[in-house]
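User: Please take a close look at one buried position in this model and describe its setting. After that, go on to other parts of the fold that can be described in similar detail.

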Amino acid sequence: IAATQPSTNWHLQENARDHHTSKFHSEELIVRRGQAFVVSFNGVEQPEQNLTFIAETGPKPSKLTKTQATFGISSTVSKESWSAVLQSTSSNSVSISISSPPNAVIGRYKLSVQSPSSGSSSPAILGTFVLLFNPWSSGDDVFMPDKAECEEYVLEEFGIIFAGNKNRISSFGWNFGQFQDDIINICLAMLDRSLNYRQDPVTDVSHRNDPKYLGRVLSAMVNANDDQGVLLGNWSGNYDGGKSPSSWTGSGEILQNWKKSGFRPVRYGQCWVFAAVLTTVLRCLGIPTRTITNFSSAHDADGNLRVDEFYDASGNNLNRTADSVWNFHVWNESWFSRSDLGPSYSGWQILDATPQEESGGIYQCGPASRHAIKEGDVDLDYDCPFVFAEVNADCMYWNYDPATGKKTLIFSQSTTIGEFISTKAVGRDDRVDVTNDYKYEEGSRKERDIFKKARKKLGLEDKFDPTAPTQQEIDQKPDISGKFKVAGPLEVGKDLNLILVLANLQSDAKTVHVNMTAWSTVYTRRPVHEIWKDSISVTVSPKEEKQFPIKIPYPKYQQQLTTDNMIQVTALCHVEGGIQVLVQRDINLDNPAIDIQILGEAKVNKEVEVEVTFTNPIDTEVTNCVLQVEGNGLLKQILEINVPPVKASETSSTKFKLIPAETGPKHLLVNFSCDKFPDIKTFKMVNVIN
């Protein structure tokens, strides 16, 4: 090779099209492993047949760690190793097709070429390229045979996350934005900031061919615990010093902020934020990934497949243990094979970046095979017992007397944990229920057998547990039953009207003393502020049903509400001569709606006006109104607009302009906040035409 540096043509457009990487809009070549890409360069002397290529990645590339490959020109593509096939030559330029093996290490590579005539001088550097996982290639661990699923779980930048509670499932849009500028570099930087890389960079990089390994490392890096990762969790209800978790509308802003601050953790995240950011990073790297919402999700801190909740005589949740049942919890599923476990455990794998419990000494979780969870194979890697408990734990409700330390079982439940497990449909904005992929039908013989199998594998069957209730306690039957019924709208700004219904199940009259409380909570059901309490004493005739209306006025709860808009109402019923009955309901209040209208046709590179309207439903003015808007292909960056205060019952209208950059269906995400209604979200699909 002459002294001149060769000039390289990476054929960016053709390669990106063939490798499903066009959405990156990158100046650097981004390709997928196990598939050929074309590169041309000049400044090479004949004959080309004797050229040697070197592809290398990581801090100390070597053949031993599979981070360096040296290969000459051959007539056919090798399936097992890197190879180069001559495409064409002209007087001074060579065009080569380069293929990587389907299990190559992913990351940024340097490509060099050496020709015999250059003697012992160092190889000429052709440049760098990025290699990703390839779900379109049958040899790859992440191979996904269904092309529509590849489109959704790797290439789709818009997602829908389900939240609320099992009685009232709500949803909101999210901009994963895995193809936004610089996100791929931030994802690669994340790998280089992990504890594993810091401890042993050479070994860490050599494992980057394995989606199991990367999934686990990234589940740790997305939370800030242990490693100064991306997001700091906060479940207190007070988010001073950062952004409230419910205010984010996409991952891009979070990842960019992390990089801009010199990689200091971004404040604040809760489960869906951790899960959404992990989705972005894994989709960006080419691992098919989706978010999953589990309703009534158990956090079993002590590993006994049981969640204990304690209440005092007034009906207050005492928050005494690390165990809890969240209204919902969001985690991830990623698609890859499990050669370590066997073919039946391949497919969807659970990863969870929310820092709940340590695994291997740090806050990381997974990959747990979804099939292993369904079959109760809790002894398999990784973290199956914790995930199994999230969807299967039994619930015990106790009355606890702080003065004496005495606890009495009120009742136990084995069918209420892990319901309506939800994810977004492929190619549509609908909810799909995947509960049956996690467990056999609740209450069925098979489901109980699997639960016993899991207990046995965890060594819980034979061990005496002094904290467990006796069979006598479990079997005791209450004299009355109770429930809270909703009587009126569940909307922030309106009074909350409920009915406590008590029914006497016996043939003699019962006297009942009822202590009632209402607390605002975060979505993990952690009590934050007491809103209301009351007590009544009643006599209920044999087989009679009595109704007691309850009204909690808006001004009474308005100050206490968290951004989750959740209220937990509890009635602890002390039945004279009988056992206590706990009646409970988690109420989710809806925010008022905001509306988006596109005023005219959305065309590429043409301005189009958008109007967002909000009607103030309460009888006081709302202030500190801010509108945040984002959308890939519609806006270059996030738009933040300060909106004037909105008087009682008035409607506010805000207009702004978009210039769509590309055709096709695009999603516009809007978040409206004011002093009385934080984080009202909506999204609209905008079809952009030529």
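Analyst: T280 has a relative accessibility of 0%, and because the cut-off for buried is under 20%, T280 counts as buried. The model is a predicted one. T280 sits in helix α8, which covers residues 271-285. Setting aside neighbours within four places in sequence, T280 is in contact with F176, G177, Q178, I183, S251 and L255.

A second buried position is D352. D352 belongs to the loop that runs between β17 (347-351) and β18 (368-369). Although D352 is buried, this residue has no salt bridge. R216 is the nearest side chain of opposite charge, and R216 is 11 Å away; a salt bridge would need the side-chain nitrogen within 4 Å of a carboxyl oxygen. What the side chain of D352 does reach is the backbone nitrogen of T354, at 3.0 Å. Not counting residues up to four places away in sequence, D352 touches S219, H329, V330, W331, Q364, C365 and E390. Among these, E390 is counted as negative, as is D352 itself.

Burial can also be followed along a strand. In β4 (residues 52-57), five of the six residues are buried, so this strand is largely enclosed by the rest of the structure. β4 pairs with strand β5 (residues 68-74) in the antiparallel sense, over five bridges. Within that pairing, A55 stands opposite A69 of β5. β4 also pairs with strand β8 (residues 107-114), again in the antiparallel sense, over six bridges. There, F53 has V113 of β8 as its bridge partner. Strands of a sheet pair through backbone hydrogen bonds, in either a parallel or an antiparallel way.

Further along the chain there is an open sheet of three strands, in the order β23-β24-β27 and with antiparallel pairing. β23 (480-486) and β27 (545-552) are at the edges with a single partner strand each, so one side of each has no neighbour in the sheet. From one strand to the next, the twist averages 20°. Strand β24, residues 496-504, pairs with β27 over eight bridges in the antiparallel sense. Across this pairing, V501 stands opposite Q547 of β27. In a regular strand, side chains alternate between the two faces of the sheet.

Key
Residues are numbered from 1 along each chain as its sequence is written. This is a predicted model: local features need pLDDT of at least 70, side-chain atom pairs count only at pLDDT 80 or more; totals for chains, interfaces and linings use all residues. Side-chain values use heavy atoms; hydrogens and water are left out. Two strands pair if DSSP finds at least two bridges between them. Helices (H or I, at least four residues) and strands (E, at least two) are DSSP runs, numbered from the N terminus. Axes are lines fitted to C-alpha atoms, for helices over the stretch in contact, and angles run from 0 to 180 degrees between N-to-C directions. Buried means under 20% relative accessible area, exposed over 50%, partly exposed in between (1.4 Å probe, protein chains only). A polar contact is a pair of N or O atoms within 3.5 Å; within protein, one must be able to donate a hydrogen and the other to accept it, and residues adjacent in sequence count only if both atoms are side-chain atoms. Contact means heavy atoms within 4.5 Å.
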